Structure formats: structure tokens, C-alpha cells
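Hi,

Here is the structure I promised to pass on. Have a look at it first, and then read my notes below.

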Amino acid sequence: MIRDPAEFLQRIPELRALCEDAGVRRAVERGDPFKLYRALRWARWLGRLRSHRQVLDTLLRQRRLFARPLKQGGLFLGTFNGFGATLLGSAEPDAEDGTSIATHAVVALFAVPLLPLGAYVVRPADSNNPLSRSWTFFARVPLGTLPWLWGRVVALSVIALVATGAARAFHASRYRDVYVANAFEQPLSVTLGGRTLTVAPRQVATLTVPLGTQRAVAVSPDGVQVDAVELNVRAGPAVQVWNIAGGMPVLLRDVVYSSMPSANDGSPATVYCGQRFIELAKVDDVFVEPPLQLSTRSGGSTTRRYLGIATEEGVVPLELCSTYLLSQDRLGETLPFSEVAARLSGWGEAEVSRALQAALASGPGALIRFTRSSLEARPKDPEAHRLYQWAVEREGNVEELLSEYAARARAEPDSADAQYLHARLLRGAARAGAMERLAERFPDHSDTLRSVAHHRYLAGKWEGSVKAWERLRALDAETATNSLDEQVAALVALGRPAEALALLADLFKSDDAQLRRTVAELHALVAARTGQGQPDALVAALEQEHEGKPFTLLRVRAHLPLKEAPQFAGERLMSVIGKEPGAALEEARALKEFELPSLTEVSWALAYGEAVRTASEESERSLSRAYVLSPRQREDFRRFVRGESAALDPDELSPEVRAAAYFVRSRDTSLPEAERRKLVVQARRDDGLHGSVSEAISAWTP
């Protein structure tokens with residue numbers, strides 16, 4: 001027996017044979033005509049009831065057989081601005097009563113179906129406009145195959161969207177994206193919140209990480225740890241950027257779109273060089289270029305915030321960040337990425353020099369820490385030991401340092417490096433004597449030869465200094481060029497300027513840009529001192545090679561005529577120090593940290609000495625940041641120029657620095673006149689190339 005609450009079998013006797021299919025039988029027993037129609041449709045799709053295929057197809061073509069009575073309440077029919085609901089189509093028309101089956105659907109643009117709502121047996125009223133006719137409804141019938149499938153697809157899509165949104169919301173409550181910026185020239189493997197990603201050189205990548213305090217580590221392909229920080233990854237719309245070691249020039253700027261452009265469109269950019277973690281709210285375009293145009297109201301404007309990377313043609317990101325921080329007098333903030341760059345370069349000379357300057361500007365402790373890490377990375381390199389010794393001496397821990405290297409020398413009596421590194425910590429005549437003895441034991445040790453040539457130069461032993469330097473040049477030409485200025489001055493003091501100029505002309509053929517600038521400067525000084533050749537010949541040659549760009553700093557250092565006004569306080573100081581000491585001290589107050597290494601030794605000595613003598617405290621503080629003399633040497637220098645009972649050690653100070661000190665002391669009117677005249681004579685004698693000191697003797701007013 002088949003239960004038939006809706007009396008389907010009486011109305012459609014053909015259904016009894018089809019009830020051999022379990023799905024059709026269940027639908028009949030449930031009494032729902034729509035479910036019965038779908039059961040028949042599924043049986044047809046799935047290939048069941050093959051022996052009854054003709055009957056099945058006949059029934060499925062007559063949806064009126066499966067009609068339901070209409071519920072109370074009419075259907076909504078109507079549109080607003082083209083959107084609403086209407087009846088579409090005319091299926092299974094009946095010619096006798098004029099009825100057909102129409103689909104009730106949500107539409108756009110009056111007739112484009114978006115979502116089918118149901119199907120009805122209807123008869124339209126007479127009307128010439130199909131979009132505004134009225135209808136008579138008789139019954140509801142199952143949707144046709146295509147509308148039914150379309151409705152299910154739309155429903156599933158909505159469910160999928162809701163599920164996706166929920167999943168995203170849940171994910172966002174536990175995770176977020178962090179941008180990772182790599183300014184270095186090597187790919188870096190970064191790990192943050194347990195996730196690892198390789199970030200290409202000079203690029204920004206995105207890493208999805210859990211919320212909370214996360215350990216962030218960046219490592220080079222060679223295993224060098226580039227950065228390690230703790231980041232507070234927080235939920236919210238704010239953009240978070242991990243700028244590895246602070247080396248990427250990340251910038252934030254407002255882009256103004258206006259129908260009437262004005263001079264105020266846009267605003268100065270904020271650059272985040274040196275900042276490791278950046279968190280910014282309300283950013284519209286993150287590391288993608290903002291649109292070129294936006295529609296605005298007539299006379300109105302709109303603004304978008306853009307976060308990107310500052311660029312300059314031919315300049316890598318690290319250099320751009322360094323330049324920016326230097327311009328802000330924030331040299332110390334370049335240390336994190338400058339130190340990493342030195343490590344990644346294998347402790348290259350240029351990279352170490354930049355990091356060293358940054359460490360000097362970073363305050364007490366940074367210099368020793370950096371030089372110690374450099375020494376740990378290359379314990380057999382004498383240059384690393386020299387830097388470490390220099391840093392410790394600057395901090396004043398000389399005795400402890402001397403004990404450490406004395407022990408090394410005793411432990412390695414046959415090591416030229418160990419003996420040299422101990423001897424260079426001795427003071428004055430003791431150091432010079434120790435180096436002479438070491439040169440006899442280790443005649444081919446280049447660092448010892450360089451030290452011997454230097455101490456002979458300080459003592460005014462010109463011939464011996466030149467001989468030691470020539471032997472050094474034969475052994476190690478690169479090391480020899482580091483004391484080129486001393487040997488050129490020694491040759492001039494010996495009355496051999498032609499040899500000095502020939503040597504400089506030969507070295508000017510080098511491919512080393514820095515060496516060529518040093519040579520050009522020395523050539524100008526020697527040519528001006530001796531009247532042989534054109535002083536600016538080599539400087540002009542360099543400028544011509546650079547499309548006529550003036551080398552203002554080089555011209556100032558070489559006492560050559562300037563082609564343009566100096567832009568920096570250091571350049572202006574050097575240009576006026578020999579003429580107007582008061583103006584030079586004014587410029588000293590404005591010195592930026594990055595300008596200090598560019599000051600010539602003699603310009604610094606004259607300006608610092610005059611600042612001390614005249615009690616110009618602000619100028620003295622500014623100049624004291626330059627490391628020309630050790631703290632002990634600087635204190636001796638201060639006492640001497642103030643007219644106190646003190647002496648300058650000729651075995652430690654260069655002739656130019658002594659010349660500056662002699663002249664500044666000679667200006668102390670409380671000293672006996674005879675002593676003051678003697679000091680001026682000594683100053684002229686030690687100013688071998690007749691530079692700033694000789695100029696000051698003639699130009700400074702008493």
C-alpha cells in the first residue's frame with residue numbers, strides 16, 4: 001500500500017508505476033507536489049526509471065499537474081530605478097483559457113533576471129505595455145529547470161560569501177598582514193610569528209602572522225643576522241611595517257586631487273629612515289602608486305595618503321636613507337643598518353668607515369661595541385685591532401688596553417703583528433723607539449714600516465721618513481698611500497718638490513676615486529707652495545670628468561678659488577679660517593655631525609684652539625666632536641693654547657697641528673713678547689706647505 005495524502009495517484013494514475021523508485025514513492029507519501037516534481041526530475045537526471053522514460057518526460061513537461069494553491073496576500077510587482085520584481089516568460093501556454101506559466105523574479109534594468117522567486121499560472125490583462133500590465137494568478141507551480149538551478153547557484157553563492165566573510169573575520173581576529181621592507185643588496189630570510197619568507201633585495205613583501213608580541217629575525221644567505229626585534233602585532237586597520245634595521249627610506253605623503261590645482265596641493269613627505277617598526281593609520285595606498293586622477297566636485301578637492309618607498313635615480317635605498325639622516329644631523333641613527341652593511345660586505349673598508357662614523361655619533365659605548373664586534377669577526381686583521389684600540393683609547397681605558405696587548409705580545413714573541421699592536425699603544429718617544437727596533441726585526445712588516453715613516457715625519461726626520469715610505473710602497477702600495485700627505489710634505493721640506501709633483505702625477509692615473517681626490521688636493525697645495533705648475537690642474541681635470549660639476553669641498557681643502565658659494569658650514573669654516581677667526585667660530589657652531597670628518601686637520605686645530613683661547617664654549621663643544629686628537633692629547637692642546645705651563649709632544653702631534661697650536665698661543669697677550677715671537681717662528685716652520693696657519697699669521701688681527 002502506498003499512502004497518498006494529496007491523492008496524486010488518483011489525479012495522475014501514471015505515477016503508480018513510477019513509485020517503484022524509492023525517491024518518487026517518498027515524495028508521493030509526503031503529499032508535497034513540488035517535492036514530487038523534484039523527485040521525478042532527479043530520477044530523470046540520474047537515469048533511473050529507464051523503462052518509464054516516456055511517461056516521465058510527459059509528466060515533467062506539465063508543471064500544472066504539480067500546482068499548489070496560492071497563499072493569502074499578493075506578490076510584490078514593481079521596480080524603482082530599474083530594480084525590483086516582475087513576471088518573466090510565458091511557458092506551457094494554454095490556448096483555451098489564455099493562461100501560461102511565468103517566473104516571478106528579482107530584476108535589474110527592468111527585465112534582467114537576478115534571482116528567481118517562484119513560478120505561477122497566470123493570465124495577463126490586455127495591455128500594450130508588457131512592463132506595466134496586470135495579471136490574474138491561479139496557482140503556484142514548480143520552477144523550471146534553468147530558473148531552479150540558477151536560484152540554487154545564487155543561494156549557494158550567498159552562503160559561500162557569508163562563510164568566506166565569517167572565515168575572514170575569524171582570521172582577522174587572530175592574524176594580520178605585516179609588510180617587511182628589505183633595503184639591502186642581498187635577499188633576506190625573515191621569520192616573524194613562526195612564519196618564514198624570503199624578501200628580495202630592495203623590495204617589500206607581506207607576511208601574515210598571529211597577533212601579539214612576536215620575535216622578528218632577518219638573516220642573510222650567509223647566516224649573518226641582519227636584524228632581531230620584538231614587534232607588537234596588533235589588530236586593526238593601521239598599516240604595520242617592519243623596516244629591517246631601519247634601512248629602507250619608507251615615506252608617507254598626502255596626494256591632493258583638486259579640480260583647481262594650487263601651490264598648496266600636496267604636503268611635505270615624512271620619511272621613516274632609521275625606524276624599524278612603523279605603524280600608521282588611515283593609509284589609502286600602501287606600497288602601490290596612487291591613481292593619477294580622481295573625480296572631484298567642481299572647485300573641491302580630495303586627499304589620499306600614500307605609503308611608499310622614496311627613490312632617486314642611481315642611488316640605492318641604504319645610501320638614500322643615510323643621506324636623509326645626515327641632512328637631519330641624525331648620523332647616529334644610521335648605525336643599525338650601516339653596521340649590517342659592513343658585516344654583509346665582509347667588512348669592506350668603505351662600509352666600515354661609514355659604520356664607524358655612525359658609531360662615533362651614537363654616544364658612549366656604541367663605538368667600542370662596534371669595533372669589538374668587528375674584531376671578533378676578523379681576529380687576525382691588524383686593522384680591526386687598530387680600530388678597537390682607537391675606540392678604547394677614546395673612552396680613556398688605556399692602561400687596561402695596554403696590559404691586554406702586552407700579554408698578547410709576550411704570548412707571541414715571534415709574531416710581527418702581536419709586537420706591532422703592543423708597540424703602537426706606547427706613548428711618544430717610547431713608541432717611536434719600539435717601532436724602530438721592530439723594523440729591524442721584521443723589515444718586511446708593512447704596518448711597522450708605516451709607523452716608522454710616520455714617527456720620523458713627526459720628529460722632522462724627513463730623509464728617514466721618505467726612505468721608510470719608499471720601502472713601504474715597494475712592499476704594499478695601498479698601505480703606503482694612506483700616509484701620502486706626510487711623504488709629500490717631507491719631500492717639499494727636503495727641497496724636492498719636483499719629485500713630489502711627479503709622484504702625485506703618477507698616482508693620479510689610479511682608478512681609485514678617493515685616492516685621485518687626495519692626490520689632486522696635495523698637488524694643489526704643493527704647486528701653490530712652490531710655484532711649480534698649475535695648482536688647480538688636477539682638480540679641474542676631475543671636474544671635467546664629472547661634466548663640469550664643481551668640487552667645492554675639494555677646492556676649499558686645497559685653498560683653490562671657488563666656483564660656487566659653499567653650502568655647508570664645514571666648507572665655509574675652512575674657507576674663512578685663515579682670514580676671519582670670528583666668522584670661522586660662527587660656522588663651527590652650525591657644524592653637522594657628518595661634516596666633521598671632512599675638516600682638514602689644520603683647519604680644525606686653528607678653529608678649536610681659537611675657540612678654547614677665546615672661551616667660545618658653543619664652538620668648542622661642536623668642534624670637540626671631531627676625533628682629531630685623543631682625549632689626553634686634546635687636553636694637552638687645550639692647556640697649551642690657553643697659555644698654561646704645558647708642552648706639546650712632537651712624537652704624537654703632526655707638524656700642522658703643532659703649528660696651529662703655536663700660533664694660537666702666540667696671540668695670548670699675557671705671555672712675554674719674546675715668547676710670542678718665538679712661537680710665531682715655530683708656527684711658520686712647522687707649516688711646511690704654507691697653508692691655513694701661514695695665511696692666519698698674515699691675516700688675523702692681533
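To get going: which residue in E9 does Ala181 stand opposite? The partner is Val204. Before I go on, please keep in mind that this is a predicted model.

That pair belongs to a sheet, so to speak, worth walking through strand by strand. The sheet is open and has four strands in the order E9-E6-E12-E15, with mixed pairing. E9 and E15 (277-280) are the edge strands, and each has a single partner strand, so one side of each is left without a neighbour in the sheet. From one strand to the next, the twist averages 25°.

Now for the pairings that E6 makes. E6 and E9 run antiparallel and are joined by eight bridges. E6 also pairs with E12 (residues 239-243), this time running parallel, and here the bridges number three. If you want a residue to click on for that second pairing, take Tyr179, whose bridge partner in E12 is Val241. In general, strands of a sheet pair through backbone hydrogen bonds, either parallel or antiparallel.

Is E6 largely enclosed or left open by the rest of the structure? It is largely enclosed, because six of the eight residues of this strand (residues 175-182) are buried.

There is another open sheet of four strands, and its order is E8-E7-E10-E11, with antiparallel pairing. Its edge strands are E8 (195-199) and E11 (225-233), each of which pairs on one side only. Ignoring direction, neighbouring strands in this sheet are turned by 20° against each other on average. Between E7 (residues 188-192) and E8 there are five bridges, in the antiparallel sense. Leu188 is a good place to look, as it stands opposite Val199 in E8.

On to the pocket, which may be more your thing. The one I looked at is the second largest pocket, with about 250 Å³ of space in it. Its lining takes in 17 residues, and those nearest its centre are Arg202, Met248, Ile309, Ala310 and Thr311. Three elements give two or more residues to that lining: strand E9 (203-210), strand E17 (301-309) and helix H7 (317-327). Which of the elements gives the most to the lining? That is E17, with three residues. By residue class, the lining of this pocket divides into 11 nonpolar, three polar and three charged residues. Note that E9 turns up here as well as in the sheet with mixed pairing: E9 is among the elements lining the pocket, and E9 is also at an edge of that sheet.

Finally, two backbone oddities for you to check. Trp347 has a phi near 60°, which is a positive value in a residue other than glycine. Trp347 sits in the loop between helix H8 (335-344) and helix H9 (349-361). With a relative accessible area of 12%, Trp347 falls under the 20% cut-off and therefore counts as buried.

The other one is Glu547, which is not a glycine either and has a positive phi of about 60°. You will find Glu547 in the loop between helix H21 (537-545) and helix H22 (552-557). Is Glu547 buried or exposed? Its relative accessible area is 81%, over the 50% cut-off, so Glu547 is exposed.

Shout if anything is unclear.

Cheers

Conventions. Residues are numbered from 1 along each chain as its sequence is written. This is a predicted model: local features need pLDDT of at least 70, side-chain atom pairs count only at pLDDT 80 or more; totals for chains, interfaces and linings use all residues. Side-chain values use heavy atoms; hydrogens and water are left out. On a 1 Å grid over the protein atoms alone, a cavity is a set of points where a 1.4 Å probe fits but cannot get out, and a pocket is an open set with protein on both sides within 12 Å along at least five of seven lines; lining residues have an atom within 4 Å of a point. Grid points are joined across faces, edges and corners, and a volume is the space filled by probe spheres set on the points. Ala, Val, Leu, Ile, Met, Phe, Trp, Tyr, Cys and Pro count as nonpolar, Asp, Glu, Lys and Arg as charged, and the others, Gly among them, as polar. Buried means under 20% relative accessible area, exposed over 50%, partly exposed in between (1.4 Å probe, protein chains only). Two strands pair if DSSP finds at least two bridges between them. Axes are lines fitted to C-alpha atoms, for helices over the stretch in contact, and angles run from 0 to 180 degrees between N-to-C directions.
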